[in-house]
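Student: I get lost when I look at everything at once. Could you pick a single part, go over it closely, and then show me what surrounds it?

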Amino acid sequence: MARDGKQRIIDGALELLRAQGGGSITLDGAAKQVGLTKPGLMYHFPTKEALMLAVVDHVAARWEHLLLDRLDKSLAAASATERIRAYAQVSLTERHDQAEFAIYFDAMYRDALTDAWVRRLQPWLTLPDGLSPATRARLTVVRLAADGYWIAAATGVFAPAEPDRVLLATVIDNLLEDETD
């Protein structure tokens, strides 16, 4: 029951951010969103930091699950190219919104919140030593293009039109086509 209550609060906090188009989460606002009193919410999340940690971990876990769904093997067995390809595919094909971006952006200013993103995504984005400079550069370009698309799509600021997204995906596929690491 406690897990269900916590998840309901996390989902409510994200819905609140979506309704606000970003912004920040407060304990009062999150409590009202899910029909709890502030002390009722604080039973599960005693501080705003605790709630934010749970929300960031939830969003980062969603990314991790989406990435794993793109692989046809375990993360440990995937090459750097396969991991970056999965990252680009998730960035370019999944629905992302301002709430997700707000969670990511806010986390970058607090070490404890940044750790959840790093813990979940670093295994996907870290390039191993020993890659050729050309391969390292291509994989980095693909990751940065995926990051840029994700930010534009999530924020709605200069978001590419659908035909441009398709073309970008084709360019990314071409960059990854001959890669072996």
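Tutor: Let's zoom in on one helix and then work our way outward.

First, some ground rules. This is a predicted model, so local features need pLDDT of at least 70 and side-chain atom pairs count only at pLDDT 80 or more, while totals for chains, interfaces and linings use all residues. Residues are numbered from 1 along each chain as its sequence is written, and side-chain values use heavy atoms, with hydrogens and water left out.

Our close-up is helix α5, residues 80-93. A helix here is a DSSP run of H or I with at least four residues, while a strand is a run of E with at least two, and both are numbered from the N terminus. Where does α5 fit in? The chain has nine helices and zero strands, so reading it from the N terminus means going from α to α to the end, by this way of assigning elements.

Is the length of α5 what you'd expect? At 1.5 Å a residue, its 14 residues should span 20 Å, and the end C-alpha atoms are indeed 20 Å apart, which agrees. (The expected span is 1.5 Å times one less than the number of residues.)

Now for the part I like: α5 is mostly covered, with 10 of its 14 residues buried. Buried means under 20% relative accessible area, exposed means over 50%, and partly exposed is in between, using a 1.4 Å probe and protein chains only. The buried residues of α5 include A80, I84, Y87, V90 and L92. R83, with its charged-looking letter, is also on that buried list, along with T81 and S91. What do they pack against? The buried residues of α5 pack against α4, α7, α8 (133-155) and α9, where contact means heavy atoms within 4.5 Å.

Let's visit some of those partners. Helix α4 covers residues 48-70 and helix α7 covers residues 111-125. The side chains of R119 and D57 meet in a salt bridge, 2.5 Å from N to O. (A salt bridge is a side-chain nitrogen of Lys or Arg within 4 Å of a carboxyl oxygen of Asp or Glu.) R119 is in α7 and D57 is in α4, so the pair ties together parts that are 62 residues apart in sequence. D57 has 23% relative accessibility, so it counts as partly exposed.

L53 is in α4 too. Setting aside neighbours within four places in sequence, L53 is in contact with A112 and L113. L53 is partly exposed, with a relative accessible area of 32%.

Over in α9 (residues 162-177) you'll find A169. At 21% relative accessibility, A169 counts as partly exposed. A169 and E94 are 75 residues apart in sequence, and 13 Å apart in space from C-alpha to C-alpha.

Back within residues 80-93, there's E82. K73 forms a salt bridge with E82, the closest N and O atoms being 2.9 Å apart. Both partners are partly exposed: K73 at 34% relative accessibility and E82 at 24%.

Those salt bridges have company, since a search of the whole structure finds 11. In another one, D97 pairs with R95, with closest N and O atoms 3.3 Å apart. R95, at 58%, counts as exposed, whereas D97, at 10%, counts as buried. Salt bridges that share partners join E15, R18, R95 and D97 into one network.

Move along to helix α6 (residues 98-107), where E100 sits. At 5% relative accessibility, E100 counts as buried. A polar contact of 2.7 Å joins the side chains of E100 and W150. (That's a pair of N or O atoms within 3.5 Å; within protein, one must be able to donate a hydrogen and the other to accept it, and residues adjacent in sequence count only if both atoms are side-chain atoms.) Leaving aside neighbours within four places, E100 is also in contact with V59, R62 and W63.

Finally, zoom out. Buried residues make up 41% of the 181 residues in the chain. Among contacts between residues at least 6 apart in sequence, 70% join residues at least 24 apart. The C-alpha trace spans about 55 × 35 × 30 Å along its principal axes.
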